[in-house]
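Open the model in your viewer and keep the selection panel at hand. The stops below say what to select and what is there.

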Amino acid sequence: MKIKNILTYCFISSLFLFSLICIWKILVTLQGIELINFNFNKLFIFGIILCVINLLIGKKFNLNIKLIILALLFSTFDYFISINLPIWYSFGIFLISLFFFNTIKNYDKNFLSKNHSSQKLFFNFLTLFGITLFSFVILFPFYMMLVTSFKTQALLLLNPLDFSINFAQGLPELFKSYFIVFKDYNFGRYMLTSTIVSLGTVIITLIFAIPAAYAVARLNFFGKNFLSTSILIIYLFPAIVLVIPLYTIFSQLGLRNSIEGLLIVYTATTLPVAIYMLQGYFKSIPKELEEAGIIDGQNWLGIIFKIILPLSLPAISSVALYVFMIAWNEFLFSLMFLDRPNTFTLSRAIQFLNVGAETPRQYLMAGSVVVTLPILIIFVYFEKYLVSGLTAGSVKG
Amino acid sequence: MSSKLAKIEKRTAYLLILPSVLLVFSIILFPIFSNIWISFKNVELKDLRIPEPRAKKLVKSIKDNPNQIKIIYKLRNSSLTQEITNVKFKDKYPDNIEPISLNNKCQFKSNLLKCELGNWPKKYRENLEIIFQNTNNQEISKKELKSYKPKLSGKSQNILLTYEFTLNNFKKVIKDKAFIDLLSTTFYYTFFGTIGAIVFGILAAQMVNQKFFGRTFMRSVLLFPYVAPVVALAYTWELLLDPTSGTLNNLLINYQIIDGPINLLGQKYVTLNILGFDFKLRLALTTVIIFEIWRYFPLAFLFILARLQAVPKELYEAADVDGANPIQKFLNITLPQILAVISILFMIRFIWNFNKFEDIFLLTGGASGTRTLPINVYQQGFSIGDIGMGSAVSIVIVVFLLIFMFIYFKLLGKRADEN
């Protein structure tokens, strides 16, 4: 057993335990409970002591009993050095230490005497810590968005750290911001516009893209290679260089402030990626199937509708979902083209809320939830399709 | 026979791609080229409104004479900058009235009044008064009179279609003292945003590539920032980072990590003291970059994870047999395997971050040292209202973009050769 390995083991394990406790403490603070100290010194040293005990006990008796005892020891210690905290806080500490001692129960003398065990240990803990930290950092803004929308202005200013949800006030009171956002700020209308624009973009893009992708994938014609490389190049041109000419042209044609104008632009900007994704899939469909179709006397349209489309439904759905996502989240063009509230999309409406006179932040966040939730639900539900869409189309972002 | 088939095939192909090509051409390629045209012109936002001749119709009864009625047209040129030539006026009246006297510009014919009003200079205003009398002693209905709206037409020069060009926009762009600063900010933002996203993408992909409870859930969660709408996320971050009532500042103050609130999005520089040296960090820009990394690392993650899962397990088993440690395994097996993906990812993300507009616009609006080229396009074109300048900045972006694309396709070609 190497001394270096034991030292790294103690140090890293205790640090990991401490960082888990820190995250828990931050979460507790965000429930409005007063907690101003991480108690780094005491917890860190006690953590080291417990790790050493864990090592010394080894496998002398039942592992489960060992880890429960160690976890109990740790949470009792924490209970005594922190004052006036609710019982669920200590219970959380207990669960965390249980998880922690469960993780380190395999690190015994044998393990530590092996080569590279300190590095292995380090990376194991880094992974665990990374998972916790990444989830926290990613989910926290979403959590904050949701909870802020359930609060009132006064409560938010009184204690900006209080992110607890008060269910006792009853549902109408809880969802008050949403009622106001839909009633006074007209979000129902914006949501309808967003839905129409996004679905419209999906349908029109597919109508344009499927035949074009089929032609690029299957048919021989002059300029085919040129076309398939230009698709990618065109795709890399960003919206910001199109915005001024499109603005000037659309103003003079009177297409600004119209859903049609938005639909045209969204379709054109998503079309290259849709063609790019679809033609890749069409190429993977065996040619023999089409030849059979030709022998049966089908024309090109028949082949597309009766053979290609049914076979490529998964690809089409992922393109559709991806295009829907782009159109739903789009902001720049809706900012430029829409300045009358009766044509706003959700994104534009939220920006309008923020820029306009002092809109209480709970309304702003309620609006944000309204625009975020549908897309997240769609994402979680159709994850498989959307992920393949994202991977294929992720040259854009 | 076969050549006939080939001909049919060709014709079908053109037919199938034509709609897409036309749409993409008119909405993407045509605007890119018209950018060049506009950037050589002196056009402002207010010039985009086409000048219109306008008329407001007022109907007034004449005292003591119910048989007569006075109509006043308040005519004006809506444009403050351009003249309208050859203005024509037309209005319709009820059957039972006719004008008493008309000037030589106008003609009345079977209840239609037509006037040739000549040329109107900019800001032009004129009142046209005509008195009508009834022809059959019936009362003149004011309501009916008002229900007809006058129609006006005229010709005006469209500033976008003239052949006057100027180099002023480009001169202004390049001579601007802030131009170097603008470029350096853009590159700083692009470079660190891209590198950061890729580094965190690798970390996250390495994590998720291991087996643990809730792994598929974790993968979805990691993609949330990329999938959610930018507007909602930017405003949430803005609240989170707010100096007075933001969660982050309050949390740090609560745990006595900082003494007073830091305005993370509103402060241009912060001085850091590291080992006795003072560093000036661009604070707002750094915050914006962190947001950028937070939002786009999922994409790098997705790409790299897909590649990692394709790395043959035997390689790692062989390394285990050789007694390699985890760092060696990462450096000698994993990294070479994902290097190709990383370089492509770097180029693509670089191009996109270079053109990123929404994120900075929503977080800081380009204030406190976060003005990048795309933000400048918006500010020149729409905040200041100088469309020509905005276009000139767009052209600068396009030039950089073409250079990047050239490098990217070289790289892609080289990669294709290697395989």
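Helices H19(A) and H5(B) make a right-handed crossing. (A crossing is left-handed if the near helix is turned anticlockwise from the far one by less than a right angle, and right-handed if clockwise.) Helices are DSSP runs of H or I with at least four residues, numbered from the N terminus. This is a predicted model, in which local features need pLDDT of at least 70, side-chain atom pairs count only at pLDDT 80 or more, and totals for chains, interfaces and linings use all residues. Residues are numbered from 1 along each chain as its sequence is written, and chains are lettered from A and ligands numbered from 1 in the order in which they are written.

**Stop 1: H19(A) and H5(B)**

Select residues 361-381 of chain A, then 215-227 of chain B. Their axes lie 11 Å apart, at an angle of about 140°. Axes are lines fitted to C-alpha atoms, for helices over the stretch in contact, and angles run from 0 to 180 degrees between N-to-C directions. The pair is therefore oblique: under 35 degrees counts as roughly parallel, over 145 as roughly antiparallel, 65 to 115 as roughly perpendicular, and the rest as oblique.

Now show the contact residues. H19(A) brings A:Ile375, A:Leu376, A:Phe379 and A:Val380, while H5(B) brings B:Ser220, B:Phe224 and B:Val227. Contact here means C-beta atoms, placed from the backbone, within 7 Å. Six of these residues are nonpolar, one is polar and none is charged. (Nonpolar covers Ala, Val, Leu, Ile, Met, Phe, Trp, Tyr, Cys and Pro; charged covers Asp, Glu, Lys and Arg; the others, Gly among them, are polar.)

**Stop 2: H19(A) and H6(B)**

Keep H19(A) and add residues 230-241 of chain B. The two axes come within 9 Å and cross at roughly 150°. This crossing of H19(A) and H6(B) is left-handed. Pick A:Arg361, A:Leu364, A:Ser368, A:Val371 and A:Thr372 on H19(A). Opposite them on H6(B), pick B:Val231, B:Ala232, B:Tyr235, B:Thr236 and B:Leu239. By class, the contact has six nonpolar, three polar and one charged residues.

**Stop 3: the whole interface**

How many residues does each chain give to the contact? Chain A gives 84 and chain B gives 78. On the chain A side, helix H6(A), residues 117-148, supplies the largest share, with 15 residues. That side divides into 57 nonpolar, 23 polar and four charged residues.

**Stop 4: H1(A) and H6(A)**

Stay on H6(A) and add H1(A), residues 3-29. These helices pack at about 5°, with axes 9 Å apart. H1(A) and H6(A) are therefore roughly parallel. Residues to show on H1(A) include A:Tyr9, A:Ile12 and A:Phe16; on H6(A), they include A:Phe122, A:Phe125 and A:Phe129. The contact holds 11 nonpolar, six polar and one charged residues.

**Stop 5: domains and confidence**

Colour by domain, with bounds from an automatic or database domain assignment. Chain A has domain 1 (3-148) and domain 2 (180-393), with centres over C-alpha atoms 46 Å apart. Chain B has domain 1 (51-157) and domain 2 (177-385), with centres 64 Å apart.

Finally, colour chain B by pLDDT, the predictor's confidence in each residue from 0 to 100. Its mean is 85, and 98% of its residues reach 70 or more. The model scores ipTM 0.90 and pTM 0.87.

Note on methods
Contact = placed C-beta atoms within 7 Å. Helix = DSSP H or I, 4+ residues; strand = E, 2+ residues; numbered from the N terminus.
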